[in-house]
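Reader: I am new to protein structures and would like to learn how to read one. May we go through the features in turn?

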Amino acid sequence: MNVLVLSGYGINCENETLHAFEVVGFKGKIVHINDLIQNPKQLKNYQVFAIPGGFSYGDDTGSGNAMAKKIMTNLYDQLIDFSLNDKLIIGICNGCQILINLGLVPSLNKKDPEVAMIENKSGSYECRWVNLKVSNNKSPWLKKISTMNLPVAHQEGQFMIPVNLLKNIKANNLIGLQYIDHQKKLAKGQFPFNPNGSKDDIAALTNQNGNVLAMMPHPERAFYHYHNPNWQNNTSKKFGDGYKIFMNAKKFFA
Amino acid sequence: MTNTIQILSIEKTGKESSLQKEHNNKSIKIIDGYFFSKNLDDQKFTKISKLISNDVSQTILTKKNVNKILFSYSNFNWAVEIKFLPGVTDNIATTVKEIIKDNLKDSFKSFELSSTKIILIKGRKEDVTKISKNEANPLIQTIKIYPFKKYLNNFKKNQFKIEEVKLPKKKYNKKEINLDISDYHLSLIGKLGIEENDKSRRGTLGLDLESLKAIRNYFSTIKRKPTDVEIETLAQTWSEHCKHKIFSAKIDDIHEGIFKKYIKGATEKIIQLRKDNFCVSLFTDNAGGIEFNKDWIMCHKVETHNTPSALDPFGGAITGIVGVNRDCLGFGKGAKPIANTYAYYLADPNKKYQLYRQKNKDPMLPANFIAKGIISGVRVGGNCSGIPTPQGNVYFDDRFAGKPLVFCGTVGIIPKKIKGKLSHKKKANPGDIILMAGGRVGKDGIHGATFSSEELDPNSPVSAVQIGDPITQKKMSDVIIRELRDENLYSSITDNGAGGLSSSIGEMAKESGGFIVNLEKVPLKYNGLYPWEIWVSESQERMTLAVPPAKVKKVIKRFNARGVEATIIGKFIKKEKAIVKYNKTEILNLDMEFLHEGYPKLNLKTSFPKIKKEKKKIIKKSSLIDKLHKLLSSPNIVSKEFIATQYDHEVQANSIIKPLQGEGRVFGNATAIKPLFDDEKSIALSQAAYPQYAETNPYDMAGCSIDTAYKNLIVSGANSKKIAILDNFCWCSSDEPDRLYQLKEAAKACYDYAIAYQTPFISGKDSMFNDFKGFDKTGKSVKISIPPTLLISSIGVVDRISHLTKITPDDGDILLVLGATRNELQDSVYSKIIGYEKSKNPVVNSKDALRTYKNFEKANKLRIINSAIGIDLGGLGIAVIKMGIASKKGLKIDLKLKNKISVDQFLFSETQSRILISMKKNKLANFKKIFKAYDYTIIGKCTGSDVIEFKDNKKIIRGKISDFAKSYKQNIKGL
């Protein structure tokens with residue numbers, strides 16, 4: 001089991017993302033986008049393609065846009081191939097924004113991007129822990145997870161989805177994660193439970209096949225129990241909630 | 001055919017909402033504009049606009065649709081166009097250029113573009129002027145306000161203009177400067193700069209008469225005239241900013257100077273006294289290094305960026321943070337930055353100070369503009385670099401109205417050995433190539449080092465402002481830390497900060513002997529720079545490397561493959577000469593010895609200052625609960641959560657004690673990171689400064705800073721034997737004997753307390769002239785000096801995860817105060833807000849303090865302590881409330897007081913060296929085995945209810961936790 005973790009141009013969560021994959025049993029490599037463009041055939045050696053969080057191109061012209069355009073021009077077909085095989089793709093935070101800009105999720109019309117990531121309703125960057133529930137979604141990434149406590153850290157985390165498409169997304173069960181309040185009910189847009197004002201409290205989307213997951217929260221930052229904000233009150237478990245996402249990837253190939 | 005691309009968001013953006021909220025719900029729409037230097041034909045327009053916009057969320061304006069689309073939002077009547085002045089770093093434009101280059105290949109070459117914000121408003125002209133003042137800084141941006149109709153007209157007629165940097169085409173002739181002139185004319189060169197042929201002056205060199213005479217003497221001995229480049233270089237190298245002349249000067253009877261005697265002296269003494277030296281690299285490198293574990297070194301550096309932040313708060317602060325990141329990259333062979341710290345000392349953002357640099361013109365930026373700009377500068381710099389920013393604080397005082405203080409720090413980590421060699425040792429060898437990597441050189445930041453050493457006066461040059469580009473730096477840093485360093489591809493590395501190439505190469509060449517640089521090889525942002533400008537420019541995001549000739553090709557190839565420029569600009573030599581050439585003409589040739597040591601040493605005298613006695617303030621009569629609310633909601637105590645949530649403190653997944661603590665999210669005074677996945681050791685960080693105590697007694701002020709910074713680490717669980725500290729002195733009027741007296745006193749306290757606590761200073765920096773000289777709104781001349789501010793940053797190792805403490809007590813816990821409380825209300829937050837009668841300023845008794853800390857450490861390791869919080873601003877009362885808010889659990893405090901101390905004194909005195917702790921009742925017996933009865937007071941218990949109660953004799957006063965939380969989490973007015 002091999003994972004390719006993308007880097008370059010301001011992506012910055014590659015180390016901890018790779019670490020999380022390695023702990024659950026993957027072998028992996030951080031590959032610079034320019035090296036991948038030079039030699040796209042190396043994708044063959046990997047079962048998981050991960051785009052970690054960060055600030056590719058400083059979010060200029062919209063978060064994830066510039067990196068998505070670079071991938072579209074240079075690697076698009078290879079990535080589509082990857083997604084059509086029985087392989088997994090994950091985009092976390094900036095990676096999520098890149099996948100959305102590439103149109104790899106929800107990918108219902110297989111053409112242009114249909115969803116946009118826009119600025120948080122608060123207008124400010126939000127670094128905070130949120131509660132999430134897994135929606136009715138069959139993605140292997142989310143298997144057997146009901147709720148999670150993970151951190152978000154973004155300026156543009158609001159999913160903007162045209163009304164008809166949203167219906168379609170719901171009909172196809174492509175919502176991956178939703179923000180919930182402290183009583184485990186949907187946040188209904190209420191800040192800070194929903195940190196960005198995302199419609200229908202959407203925090204993650206998948207493609208129809210479920211093998212591509214674009215999520216705004218950071219599972220790799222909630223990997224160990226001591227990552228949790230008040231971990232001292234509960235030191236019985238070794239891992240945090242984010243661990244489950246990486247374990248699911250392992251189980252998919254096991 | 002058009003020369004702009006203009007894009008708007010279909011839905012209202014967060015920025016638009018907040019602007020509307022700030023300006024009485026005026027209709028506002030913001031357009032992202034890109035102005036090109038060349039016309040785009042229809043095909044290019046379509047291609048490029050598709051590349052830089054989003055189909056789903058944005059609309060691209062065209063001549064055809066512009067009317068209809070904009071009218072669908074509102075009947076706008078004004079447009080404000082904001083773009084950067086030519087030559088100012090425009091990061092968005094850089095990205096767009098890169099997108100075009102990457103995706104359209106060669107079809108569109110050689111063009112300039114400028115990113116522009118166009119704000120459309122429906123409102124009156126006054127509203128528009130107000131908005132433009134809030135949104136732009138005339139020092140770095142052009143602001144055009146015109147009627148909406150004209151905007152439409154401009155759009156249809158392609159009348160948006162881009163201002164390119166246009167420098168006159170000039171041929172460089174070697175310029176020699178005659179120094180055989182009168183003292184008056186000599187001092188003009190120092191104050192106003194070298195005179196150009198047209199009689200204009202280049203801007204301040206910050207050289208005093210004595211220094212210019214030393215230069216004159218040197219050149220008369222070698223029998224030639226100096227070139228302009230030589231004088232500029234000496235000005236940079238000898239600047240207060242680079243040489244710290246005041247700290248190294250003879251002061252009264254201290255011949256070796258304050259730095260050698262009190263700061264370095266303390267560290268040397270501690271190393272001598274202690275058997276377990278954990279210091280690795282001190283004072284000489286870009287940061288100070290200490291041992292983290294047996295395989296790793298951690299380094300820490302804190303810088304200030306005050307003057308630039310006064311002029312351009314956003315640019316000043318972002319440059320501050322990415323600049324100190326480079327200090328870390330330039331530590332040893334290059335340490336990886338793993339945490340940022342910040343501390344801002346600001347004027348009240350809710351007040352209008354109305355200060356002017358010149359009579360009735362050139363206004364200072366408003367206090368809230370400065371505060372917001374600084375906070376967001378560090379946000380963008382830190383977040384975009386992927387370095388967590390967990391640790392910081394903000395303090396407000398009117399005396400920062402003329403000059404804000406912006407402290408930016410970075411912690412880094414590096415393996416002790418790289419390919420078998422000690423990583424903190426580096427040496428540029430004779431023959432090594434001088435390689436400059438990263439960004440290009442422009443006019444930005446020229447004279448930064450010399451002017452930051454001067455008071456802010458009407459001649460402060462605007463070209464001194466830089467804006468950091470974190471992405472360029474991140475790309476460069478990734479190559480260095482991940483690829484080049486671990487393959488041992490260079491022999492030395494340092495950062496280009498103050499003084500640019502002249503400083504970085506000048507410093508590095510000490511390792512080999514000397515250098516030869518060919519300035520024409522330096523890649524430029526635009527043509528037309530004079531050689532001296534290239535040499536001293538402080539354009540950001542550059543590192544200088546010494547690379548063995550055999551490896552240089554490989555190094556350049558690696559940089560280029562990651563989209564980073566790297567250029568050979570010279571070589572290091574054995575001969576102790578500094579030589580600079582420009583197109584083969586030698587324009588600088590100095591002895592290294594003179595370059596670094598030729599400046600005249602100062603001889604300073606101090607005198608005891610007149611102490612301004614604070615007028616006794618009448619105590620306002622109010623209830624205890626009322627007082628608690630007043631203190632909690634005061635700007636210096638109120639939660640800084642709004643900053644903590646904007647600063648990514650989770651990236652790198654190393655956060656272990658976060659800035660917001662407990663379920664109730666209290667802004668903590670120490671944080672911790674766990675940098676390695678395979679070692680449970682953590683790094684605890686804290687910082688402290690007490691400018692409010694400075695005028696009363698600078699010695700005690702410094703003592704309090706060291707005590708607090710140290711205490712916070714002990715409370716967080718750090719190993720007392722592995723704590724180091726950093727000093728950042730920000731002083732004022734350092735040419736006045738009474739200010740120098742305060743400086744000497746504070747430095748003396750640094751020595752005494754560092755030795756008492758056995759905490760070595762590992763790095764430091766000073767900024768000596770934080771004064772504003774200008775005019776008030778009536779045209780009266782004013783001088784505003786900051787209160788002397790000594791920021792002590794502390795860094796320590798926490799050996800085990802289980803040693804890390806929390807601030808939240810559990811139901812049934814008993815509460816205790818460790819350390820005695822004295823009547824020390826003078827200069828406290830309480831005294832400012834409520835008033836005080838007879839009291840003293842806080843004084844640290846290091847013997848008592850250390851006993852408390854040692855016992856705490858022991859008890860914590862034995863798991864006797866359940867929760868703990870260091871007591872600081874606002875005293876015990878505020879610490880109690882913070883515990884209650886953090887845990888959301890009720891507390892009951894019994895105010896049975898001994899020692900003739902009043903309730904208010906007990907609750908609000910800022911007596912140092914105290915810790916509020918909680919523990920299970922059944923641990924008390926074990927606790928008593930460690931602590932003597934006179935070292936603690938049991939003050940109450942955790943009830944788990946929703947109220948905090950104070951029992952004073954028979955009276956019970958109570959307040960709801962949720963109400964306290966409301967006061968504590970209030971917004972700071974003006975921000």
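Reader: What is the average pLDDT of chain B?

Author: This is a predicted model, and pLDDT is the predictor's confidence in each residue. For chain B the average is 92, and 96% of the residues score at least 70. One stretch of chain B stands apart: over residues 458–462 pLDDT stays under 50, and the model has twelve contacts beyond four places in sequence for this stretch. For the complex, the predictor gives an ipTM of 0.97 and a pTM of 0.95.

Reader: How many helices and strands does chain B have?

Author: Chain B contains 32 helices and 42 strands. Its radius of gyration is 29 Å and the globule rule gives 30 Å for 975 residues, so chain B is as compact as a globular protein of that length. Taken along the principal axes, the box filled by its C-alpha atoms is roughly 85 × 75 × 60 Å.

Reader: What share of the residues of chain B count as buried?

Author: Of the 975 residues, 57% count as buried. Contacts give a further view of the fold. Among the contacts in chain B with a separation of 6 or more, 81% are between residues 24 or more positions apart.

Reader: Into which domains is chain B divided?

Author: The division gives domain 1 (2–156), domain 2 (183–242) and domain 3 (805–975). Taken over C-alpha atoms, the centres of domain 1 of chain B and domain 2 of chain B are 45 Å apart.

Reader: How many residues does each chain bring to the contact between chain A and chain B?

Author: In general, the size of an interface is often given as the accessible area lost when the parts come together. Here one may look at residues instead. Chain B brings 48 residues to the contact and chain A brings 50 residues. On the side of chain B that touches chain A, helix H1 (14–22), helix H4 (91–104), helix H15 (367–385) and helix H17 (470–484) of chain B each supply at least two residues. H4(B) gives the most to this side, with seven residues. By type, the residues of the side of chain B that touches chain A are 16 nonpolar, 18 polar and 14 charged.

Reader: Is Ile374(B), in helix H15 of chain B, buried or exposed?

Author: A residue counts as buried if 20 or more other C-beta atoms lie within 10 Å of its own. Ile374(B) has 27 C-beta neighbours inside 10 Å, and therefore it counts as buried. Leaving aside residues up to four places away in sequence, Ile374(B) touches Ser309(B), Pro313(B), Ala317(B), Tyr344(B), Pro404(B) and Val406(B). Leu685(B) is 311 residues away from Ile374(B) in sequence, and the two are 21 Å apart in space, C-alpha to C-alpha.

Reader: How far does helix H28 of chain B reach from its first C-alpha to its last?

Author: Helix H28 (residues 846–861) of chain B has 16 residues and reaches 22 Å, close to the 22 Å expected at 1.5 Å a residue. The buried residues of H28(B) are Ala849(B), Thr852(B), Tyr853(B), Phe856(B), Glu857(B), Ala859(B) and Asn860(B). They pack against helix H25 (698–716), strand E36 (814–818), strand E39 (915–919) and helix H31 (924–930) of chain B. After H28(B) comes Arg863(B), with a positive phi near 60 degrees.

Reader: Where is Lys419(B) placed, and is Lys419(B) buried or exposed?

Author: Lys419(B) lies in the loop between strand E16 (417–418) and strand E17 (421–422) of chain B. Although Lys419(B) is not a glycine, its phi is positive, about 50 degrees. A residue is exposed if 12 or fewer other C-beta atoms lie within 10 Å of its own. Lys419(B) has 11 such atoms within 10 Å, so Lys419(B) is exposed.

Asn583(B) may be read in this way too. Its place is the loop between strand E23 (577–582) and strand E24 (585–591) of chain B, and its phi is positive, about 50 degrees, although Asn583(B) is not a glycine. Asn583(B) is exposed, because 10 other C-beta atoms lie within 10 Å.

Reader: What is omega for the cis peptide bond from Val105(A) to Pro106(A)?

Author: For this bond omega is near -15 degrees. Pro106(A) belongs to the loop between helix H4 (94–102) and strand E5 (116–118) of chain A. A cis peptide bond also joins Phe191(A) and Pro192(A), with omega about 0 degrees. Pro192(A) is found in the loop between strand E9 (175–180) and strand E10 (202–206) of chain A.

Technical notes
Residues are numbered from 1 along each chain as its sequence is written. Chains are lettered from A and ligands numbered from 1 in the order in which they are written. This is a predicted model: local features need pLDDT of at least 70, side-chain atom pairs count only at pLDDT 80 or more; totals for chains, interfaces and linings use all residues. Two residues are in contact if their C-beta atoms, placed from the backbone, lie within 7 Å. Helices (H or I, at least four residues) and strands (E, at least two) are DSSP runs, numbered from the N terminus. Ala, Val, Leu, Ile, Met, Phe, Trp, Tyr, Cys and Pro count as nonpolar, Asp, Glu, Lys and Arg as charged, and the others, Gly among them, as polar. The radius of gyration is taken over C-alpha atoms; the globule rule is 2.2 Å times the number of residues to the power 0.38. Domain bounds come from an automatic or database domain assignment. The expected span of a helix is 1.5 Å times one less than its number of residues. pLDDT is the predictor's confidence in each residue, from 0 to 100.
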